[in-house]
Structure formats: structure tokens, C-alpha cells
Amino acid sequence: MPANTKYLTQNGFQRFAKITAGLIGGYAISALFHVGLALVTDHKIVLITSIFSLYLLWMTLFIVVFLFKSGWKALAIYTSVTLLLSLLVNSLQTNHPIL
């Protein structure tokens, strides 16, 4: 049974923004979350469990992005969360280096 066309995104730019936010932004958020978690806790355990949990978090964030009405809003939110996490990881890395 085909999808109802009134629920599909009509604008190609909105669809591109959603896919870009989900694919690149979701992966960046997932990876930075796990790096920050490794800096706070035991990094060996986080490395072992991140093989599965990074993929699950990435796919969850990829699906969540399609719940937004605007793709540009999703892209802006994912970019701001990525920047916030990168600043957090940078500050944690200077205070508590792994190596």
C-alpha cells in the first residue's frame, strides 16, 4: 500500500536537509557522545560497547530527524548539538586526557 502523498515532503531541499542532518549530524552527535563518555568513564568499556550503541544511537537520531516539520530546523538543531558536544569534549580532553 503506497504512502499518502499529503504526509510526504514535497520540497526537495527540505528532504535533502533532513537526510543530511540525519546522516552526518546524527553520526557526529553519536560519535561525540561516545567520545565524551569515554573521557568521563572507563574508556575501554565505552570502546567495547560503542560498537553497538553508536549504531543504535545513530539510527535513532536518523529516524527522529524525519519527525521535524522543517528540515532546516532539524539541521540547525543537530549542528548546534554537535558544536555543543565538541566544545564539551574539547574541554574534557584538556582537563582529563585519555593518553
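Is the crossing of α1 and α3 left-handed or right-handed? The crossing of α1 with α3 is left-handed, while α1 and α2 cross in the right-handed sense. Keep in mind that this is a predicted model. Here's a quick tour of the helix packing, the main nonpolar core and a couple of residues worth a look in the viewer.

**α1 against α3**
- The two axes come within 8 Å and cross at roughly 20°.
- That angle is under 35 degrees, so α1 and α3 count as roughly parallel to each other.
- Sorted by class, the residues of the contact of α1 with α3 come out as 18 nonpolar, 10 polar and 1 charged.

**α1 against α2**
- Helix α2 covers residues 43-64, and α1 packs on α2 at an angle of about 155°, with the axes 9 Å apart.
- With the cut-off for this label at over 145 degrees, α1 and α2 are therefore roughly antiparallel.
- The crossing here is right-handed, and the α1 side of the contact includes Ile-19, Gly-22, Tyr-27, Phe-33 and His-34.
- From α2, the contributors include His-43, Val-46, Ser-50, Trp-58 and Phe-62.
- This contact has 14 nonpolar and 7 polar residues, and no charged ones.

**The largest nonpolar core**
- Eleven residues is the headcount: the core has 11 residues in all, among them Ala-21, Ile-29, Leu-32, Leu-61, Val-65, Ala-74, Tyr-78 and Leu-92.
- Two elements give two or more residues to this core, namely α1 (12-40) and α3 (71-95).
- Of the elements, α3 gives the most, with 5 residues.
- In soluble globular proteins, nonpolar side chains tend to be buried together.
- Core member Ala-21 touches Gly-26, Val-65, Ala-74, Leu-75 and Tyr-78, leaving aside residues up to four places away in sequence.

**Two residues to click on**
- Thr-82 sits in helix α3 and has a relative accessible area of 17%, so Thr-82 is buried.
- Leaving out residues up to four places away in sequence, Thr-82 touches Gly-25, Ala-28, Ile-29 and Leu-32.
- Ile-29 and Leu-32, both touched by Thr-82, belong to the largest nonpolar core.
- Val-40 lies in helix α1 and counts as exposed because its relative accessibility is 59%.
- Between Val-40 and Met-59, 19 residues apart along the chain, the C-alpha separation is 24 Å.

Definitions and conventions:
Residues are numbered from 1 along each chain as its sequence is written. This is a predicted model: local features need pLDDT of at least 70, side-chain atom pairs count only at pLDDT 80 or more; totals for chains, interfaces and linings use all residues. Side-chain values use heavy atoms; hydrogens and water are left out. A nonpolar core is a set of buried Ala, Val, Leu, Ile, Met, Phe, Trp, Tyr and Cys residues joined through side-chain atoms within 4.5 Å. Buried means under 20% relative accessible area, exposed over 50%, partly exposed in between (1.4 Å probe, protein chains only). Helices (H or I, at least four residues) and strands (E, at least two) are DSSP runs, numbered from the N terminus. Contact means heavy atoms within 4.5 Å. Axes are lines fitted to C-alpha atoms, for helices over the stretch in contact, and angles run from 0 to 180 degrees between N-to-C directions. Angles under 35 degrees count as roughly parallel, over 145 as roughly antiparallel, 65 to 115 as roughly perpendicular and the rest as oblique. A crossing is left-handed if the near helix is turned anticlockwise from the far one by less than a right angle, and right-handed if clockwise. Ala, Val, Leu, Ile, Met, Phe, Trp, Tyr, Cys and Pro count as nonpolar, Asp, Glu, Lys and Arg as charged, and the others, Gly among them, as polar.
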